[in-house]
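Grab your viewer and work through a few exercises on this model. Try each task before you read the solution under it.

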Amino acid sequence: MTRANALDRQKGSVHPRYPLDYGYLSGTRSGDGIDVWIGSLPVQTLAGIICALDLQKRDAEIKLLLGCISDEMQQIVNIHNTGSQSAILIERPTH
């Protein structure tokens, strides 16, 4: 599966509020699709996931982080730790 047919946004499009590549996996069974953040690494393997809660919306989501370096993952988790949101980052171990 390539990025072009997996995400609902074109490569290079950014989140409406944050300067990062972002989209949803098409064909997934989530309210709005599974969220995916794309990092700067050329190979887009799973680097980590974020488990996010929005207490105001009473919503929980899993967000996939593909091809992200540690700084990008930290920036993304910080985005999800604002307002009524709370999130944890689970990084994939690198060997």
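Below are four exercises, each with a worked solution.

A quick word on ground rules: this is a predicted model, so local features need pLDDT of at least 70 and side-chain atom pairs count only at pLDDT 80 or more, while totals for chains, interfaces and linings use all residues. Residues are numbered from 1 along each chain as its sequence is written, and side-chain values use heavy atoms, with hydrogens and water left out.

**Exercise 1. Work out the order of helices and strands in the chain.**

Step 1: get the elements from DSSP runs, numbered from the N terminus, taking H or I of at least four residues as helices and E of at least two as strands. The chain gives two helices and five strands.

Step 2: read from the N terminus on, and you get α-β-β-β-β-α-β.

Step 3: check burial, where buried means under 20% relative accessible area, exposed over 50%, and partly exposed in between, with a 1.4 Å probe and protein chains only. Of the 95 residues, 36% count as buried.

**Exercise 2. Describe the surroundings of Lys 63: is it buried or exposed?**

Step 1: place the residue. Lys 63 sits in strand S4, residues 59–66.

Step 2: look at its accessibility. Lys 63 has a relative accessible area of 4%, so it is buried.

Step 3: list polar contacts, meaning pairs of N or O atoms within 3.5 Å; within protein, one must be able to donate a hydrogen and the other to accept it, and residues adjacent in sequence count only if both atoms are side-chain atoms. The Lys 63 side chain has one with the side chain of Asp 35 at 2.4 Å, and another with the side chain of Glu 61 at 2.6 Å.

Step 4: add contacts in general (heavy atoms within 4.5 Å). Leaving out residues up to four places away in sequence, Lys 63 touches several residues, among them Tyr 22, Trp 37, Ile 50 and His 80.

**Exercise 3. Find the largest pocket and say which residues lie closest to its centre.**

Step 1: set up a 1 Å grid over the protein atoms alone; a pocket is an open set of points with protein on both sides within 12 Å along at least five of seven lines, and lining residues have an atom within 4 Å of a point. Points are joined across faces, edges and corners, and the volume is the space filled by probe spheres set on them.

Step 2: the largest pocket comes out at about 410 Å³. Of its 21 lining residues, Arg 17, Lys 57, Glu 61, Lys 63 and Gln 85 are the closest to the centre.

Step 3: see who supplies the lining. S4 gives the largest share, four residues, and strands S1 (21–25), S2 (34–38) and S3 (46–54) each supply at least two.

**Exercise 4. Check the chain for disulfides and for an unusual phi: how many disulfides are there?**

Step 1: search for pairs of cysteine sulfur atoms within 2.5 Å. The whole structure has zero disulfides.

Step 2: compare two cysteines. Cys 68 is buried at 5% relative accessible area, whereas Cys 51 is partly exposed at 25%.

Step 3: turn to the backbone. Most residues other than glycine have a negative phi. Arg 58 is not a glycine, yet its phi is positive, about 55°.

Step 4: locate that residue. Arg 58 lies in the loop between S3 and S4, and its relative accessible area of 79% makes it exposed.

Terms used. 1 Å grid on protein atoms, 1.4 Å probe; cavity = no way out; pocket = protein on both sides within 12 Å on 5 of 7 lines; lining within 4 Å.
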